[in-house]
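Biologist: Could you walk me through one part of this model up close? I'd like to look at the aromatic rings, and then at whatever else is worth a stop along the way.

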Amino acid sequence: MTDYLKSAALLRSGPYTLKSSTTVMRTEVVILQQPMSVCVPPNHEVTIRVQAIGTGALKYQWFDKQQTEVAGGTEPELTVSLQRSGKYVCRVSDLYCNYQFTEWVKVRILDEPGVSHAWRGEPHIVIHPIRQTVKPGETFTLKCTALGKPAPAYQWYRNGRILPKQTTETLRIENASADTVGSYLCAVSNILEERWSEAAEIEIAPPDQQPTPTLMATDKVALLIGNLNYNYHPGLMAPTMDVHELANLLQQLGFRVVSLLDLTLQEMQAAIDKFLQLLDRGVYAVFYYAGHGYEHSGRNYLVAIDAPRPYRTENCVCVQRVMHSMQERKAQLNVILLDTCRKWYKQKGPPSEIKPLAPLGNTVYGYATSEDAEAFEVQDGGKSTGIFTKYLNKHVLKPERVTHVLEQVSEDLGKDALVRGRQVVEIRHTLTEPRALTDPVRTSGHTMELCRRDACWKQANVLPGRRSLDFPYCGVKVELSFSALFSNVLVVFGTVRNTSAKAQDCTLILESEPQMQDIFSGSGRSEEMDSLLVNSGETPDCTLRLCCLQRLQGSLVIKVTLHYTHTQTKERLTVSKELDIGRPLIASCKLNQMRPVDRRQESRVHTMDHMSNIRYPHHQNHPRPARPYTRKAENRLQSSAKSTSMSSNEPEENDENDSNEFTM
């Protein structure tokens, strides 16, 4: 920009003059409409624009915050899709070296994965003010932050009355007293709509009572795994909806959630290893599993979808090993939630020696059922659910000590007539502080660790941006958008946005290369997944569901095939285009390329081609509504002439000779 100003000054002060037979009335460049700042999620496409008048044709050049020209930014409108916040300014000039700069405009990026693709830009509040109890004379602050196109304005209220000049995201009140107590909330608005934050009550602690210190986390992370399509064991229905709903609830509590379905043993180990990398001092960690499981010699095992029949302990994931690894990371709170059976296998065998965990006072176990008992899933109102997770989701948002939340889950489950006397929640813990899943996150003093965890977490949750494909021969434009139902399940929406006079009766077909399995294609299960797509707010012309992205070995290519009728010739024609979207979501973590954590299992685990040999259950045989179905995997030998002499109810198990080792 400096060189431009120098050249303009030379032209104005130089000895040369221009003569013309025509007198041109020159006017200065005037900015009629300044570009407006916006606040949007990452990778959300936004357009900022300027409107100006002047003599003759005007030229435009956009610059970023480093005052570097934006490539292609030579129009009144600038469209960007950012992962980090940015600032822009536009220079508007005419042919006579007159120019004006717009005001700086900011494109602010807030990491908020819960925004619908149908979002038009109305205010969407992502941070609400929080209730506080303060001492007299103290200073307290309240914060409200929202997305919006344009960026929203803020106005604070106390007890329903406007607070003059309090028009920023953060409200700071000094010298707290009886005059400052009350209910605070913030009105957030832009040209589209006005929204109100949740109310935050401010109370003054009595002089003789010190306020209870608020327990905080430096971060919150959660790994949710649901196994339902087993190669050699009965299939399950409920883990799909259970994992999806719990993931949404934990996100509301500020957790960074990775949710995965249908993992092999190697994939479970790799996912847990990635999860452990997110743990550090002060972090709250939640590990949840729904699927088949069992108990053996005092240990709990989670059955991977490729576990053979009969399976052995090395074909499964040991919960105690996972817990030990979490303890080694010294997280502030470790919560293990298991919606799985705990039937004893080989009960008469020698008891395993369990290495005791360090007494850190930060561990909570929530078992769906007691020892040597089964856990059940049912059809509830047309929706499959594990009974334990059904009541867990009912109470998980409550701002209470996590053990109290599980106690309420236990009480509700005990009243359920379907499983009364058959399933009882078991709770174990070593908590020494009243930690709750609703505790706030304090990032000050932990910036480096937070950035590291943020980068690691985003690696498994980055979605492709919205794309447009032009078919110029027929004048049709197709828009592709993407949604993540789980961290390894991607949904592609295809929509015909506009057509020309050349084409009519357009239909779309979406395909992927390589082809990815749809694990929800069965009867009943597909209807539940379709209901999630309806709730997403999309009304596409075509939908493609891509599952098990953790098995993707390279880039994912989306093939868009357009069928249309030529208006004049009435011929039915077909055109197609391909779009490379790289490795979306969990595929970028390359779980299948990570070496198994437990090196001893490499030579023993039964291996197979999971992509081509997955066998899905016949869902028409699923229990009728209101009839509980067990989550106990079958671990018996196939009946044959060779096995008739063996006990039909005694599963084949290897002796545990590794009880003192806890490497995952």
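**A close look at the aromatic rings**

Modeller: Let's start with two rings you can find right away: Phe140 is buried, and Tyr184 is buried too. Keep in mind that this is a predicted model. Phe140 and Tyr184 form an aromatic pair of the edge-to-face kind, with 6.0 Å from centre to centre and 75° between the planes. Now look at where the two partners come from. Phe140 belongs to strand 12 (residues 140-143) and Tyr184 to strand 17 (residues 182-189), so the pair links distant parts of the chain, 44 residues apart.

How many aromatic pairs are there by this rule? The count comes to 6. Another one to look at is Phe63 with Phe101: the ring centres are 6.4 Å apart and the planes stand at 50°, so this pair is tilted. A plane angle has to be over 60 degrees to count as edge-to-face and under 30 to count as stacked, so 50° ends up as tilted. Phe63 sits in strand 5 (residues 59-64) and Phe101 in strand 8 (residues 99-101), so their pairing ties together parts that are 38 residues apart in sequence.

Are these two rings buried or exposed? Phe63 has 1% relative accessibility, so Phe63 counts as buried. Phe101 has 28%, so Phe101 counts as partly exposed. The cut-off for buried is under 20%, which is why 1% passes and 28% doesn't. There's also a third member to add here: Phe63, Tyr99 and Phe101 form one aromatic cluster.

Rings can have charged company as well. The charged end of Arg342 sits over the ring of Tyr367, 3.9 Å from the ring centre. Over at Phe471, Lys577 lies over the face of the ring, at 5.7 Å from its centre.

One last stop, away from the rings: a sheet. Strands 23, 24 and 25 make an open sheet of 3 strands, in the order 23-24-25, with antiparallel pairing. Strand 23 (293-296) and strand 25 (316-318) stand at the edges with a single partner strand each, so one side of each has no neighbour in the sheet. From one strand to the next, the twist averages 30°. Strand 24 (residues 299-303) is joined to strand 25 by 3 bridges, and the bridge partner of Leu302 in strand 25 is Val317. Finally, helix 4 (residues 319-328) lies across strand 24 and strand 25, and runs at about 45° to strand 25.

Methods
Residues are numbered from 1 along each chain as its sequence is written. This is a predicted model: local features need pLDDT of at least 70, side-chain atom pairs count only at pLDDT 80 or more; totals for chains, interfaces and linings use all residues. Side-chain values use heavy atoms; hydrogens and water are left out. Two strands pair if DSSP finds at least two bridges between them. Helices (H or I, at least four residues) and strands (E, at least two) are DSSP runs, numbered from the N terminus. Axes are lines fitted to C-alpha atoms, for helices over the stretch in contact, and angles run from 0 to 180 degrees between N-to-C directions. Contact means heavy atoms within 4.5 Å. Rings of Phe, Tyr and Trp (its six-membered ring) pair if their centres lie within 6.5 Å; planes under 30 degrees apart count as stacked, over 60 as edge-to-face and the rest as tilted. Buried means under 20% relative accessible area, exposed over 50%, partly exposed in between (1.4 Å probe, protein chains only). A charge sits over a ring if NZ of Lys or CZ of Arg is within 6 Å of the ring centre and within 35 degrees of the ring normal.
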